Amino acid sequence: MKSRYFPYSDFLNATLGARPSYAWRSILHGRELLVQGLVKNIGNGKSFKVWIDAWLEDGLMRPPWRRNNYFNPDLRISELIDRDKRDWDEEALEYHFLPADIIRIKKIKPVVETLSSNQTTREEANRLPSLNPVKAQVWDLQTDPKIKVFLWKILSGALPVATALISRGMRTDNLCQICGEEDESINHVLFTCSWARQVWALSGIPSPVEGFQNETVQKSCEDWKEWAEAQVVEEEDENGGSSDDQPRRVSQNCGTDHLLKRWKRPPKEWLKCNVGVSWSSRNRLAGASWVLRDYEGNVVLHSRCALVSVMDKKDAQFKALIWAIESMKSHRVEKVVFGLEDACLVKVLAKPSVWPSFRFQSMEVGRLRGSFRDWKFFLENSFSNRGAFFIAQSVTSDCRLQSYVDRGHPSWLRGLFAEEMVSSSV
Ligand SMILES: [Zn+2]
């Protein structure tokens, strides 16, 4: 099995491959649970003895190697965790372990408990929106019965998509038959599939912001709430806390106006750089693009590049951002707003101290701060960022691998950018 599916890596890093057998797919499914189990097992580390328990993954599970001759056999994993930083204590790791093991340890995220953690989880669970009222509304719609049934099936998770079939024991491919991404879910088919995104974009109906990135409709509601909060942070920063018109802006963001969220121009003397990302799980290929516009909405420059060996979508988004920042630096752009679709990344960059587990990302970005007079990060939605996304998508869907920078916009997107220039002026 190793020679066929992961000749050059280990079991935990093996990929699905081109023609996976049913058995191999089942094993990989089991592996996901195993990995979750591994992480959970360490938990807060109080019950684990560092030198005795096998808690490091290195082909097999084993205890770490000792760096020092003298050691305390009762040392607990919990003593290696820095509670304030909510992460591993770097100094302790360097003192006790060899560099190769430190890398392995850092792959595990320690759980740091706070007193109220149980309570918060329960409160969050209570706040989760129930879908029942929405389902009830479906039957009152003035439309064809067929469409009502279809909507009800969507909300009830009753469409025969691959993930649903597989969970009921059917032997079928879990790849989306259109774009080839793994895990064809209802949410994927309707919203996140590249084909669906194009249909939404071309329909002119603004697609709900950020809500369509996750697996369930319920999760989408949560994501939207998070997104709304992130927008409030952004507005505060922009206004420098001016109190008179702030409440109005906040309430706008929480209302239905988010559906009309269109592309926004940067302030005068600033340029805006929209970063587009498209990622394919089939060949670990990512397309990245940026579109640079002035405060009147004119496209000054745009660029595209292909990124290889990108492990996941998050990684793609981060690498694309670094590439875009470096491009802005080399074009000597002084004041720039980066428009990104990754809500998490925008939050990390706005308040790095609150997100210690993303320290690597915030430090990598922070390193480039000195190249600019000023910069900002703005959360775009899939509608307002669609121009950049389409350029990035040409890498993954049409396999256009050559990179380039060009003046203006691509001619095939003339209509789209002209429309955004007009709609952003009102
Ligand atoms: Zn798809």
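Where does R332 lie? In this predicted model, R332 is found in the loop between helix 13 (313-330) and strand 8 (335-340). I begin there, colleagues, since both of those elements return later in this talk.

R332 is not a glycine, and yet its phi is positive, at about 55°. Is this residue buried or exposed? R332 counts as exposed, because it has 8 C-beta neighbours inside 10 Å and the limit for that class is 12 or fewer.

A second non-glycine residue with a positive phi is D183, where the angle is about 60°. D183 belongs to the loop between helix 8 (162-167) and helix 9 (186-192). Here 15 other C-beta atoms lie within 10 Å, so D183 is classed as partly exposed.

Let me turn to the sheet. Six strands make up an open sheet, in the order 9-8-5-6-7-10, with mixed pairing. Which strands stand at the edges? They are strand 9 and strand 10 (404-407); each has a single partner strand, and therefore one side of each is left without a neighbour in the sheet. On average, and ignoring direction, neighbouring strands of the sheet are turned by 20° against each other.

As a general reminder, the strands of a sheet pair through backbone hydrogen bonds, in either a parallel or an antiparallel manner. For strand 7 and strand 10 the sense is antiparallel, over 4 bridges. Within strand 10, Y404 is the residue that stands opposite R304.

A helix also packs on this region: helix 14 lies across strand 8 and strand 9, and runs at about 145° to strand 9.

I come now to the nonpolar core. In soluble globular proteins, nonpolar side chains tend to be buried together. The largest nonpolar core in this model has 43 residues, and V275, L321, A324 and F338 are those with the most contacts inside it. Elements giving two or more residues to this core include strand 5 (271-280), strand 6 (285-293), strand 7 (299-307), strand 8, helix 14 (343-350), strand 9 (374-379) and helix 16 (386-398). Which element supplies the largest share? That is helix 13, with 7 residues.

V275 serves as an example. Setting aside its neighbours within four places in sequence, V275 is in contact with W290, A320, L321, A324, F338, G339, L340 and A388. Apart from this core lies another, of 5 residues, and among them are V50, L56, I77 and L80.

To close, I return to the opening residue: R332, in the loop between helix 13 and strand 8, is exposed, whereas helix 13 gives the largest share of the 43-residue core.

Technical notes. Residues numbered from 1 in each chain as written. Predicted model: local features only at pLDDT ≥ 70, side-chain atom pairs only at ≥ 80, totals over all residues. Buried ≥ 20, exposed ≤ 12 C-beta atoms within 10 Å, placed from the backbone. Core = buried A, V, L, I, M, F, W, Y, C linked by C-beta atoms within 7 Å. Contact = placed C-beta atoms within 7 Å. Pairing = 2+ DSSP bridges. Axes fitted to C-alpha atoms, helices over the stretch in contact; angles between N-to-C directions.
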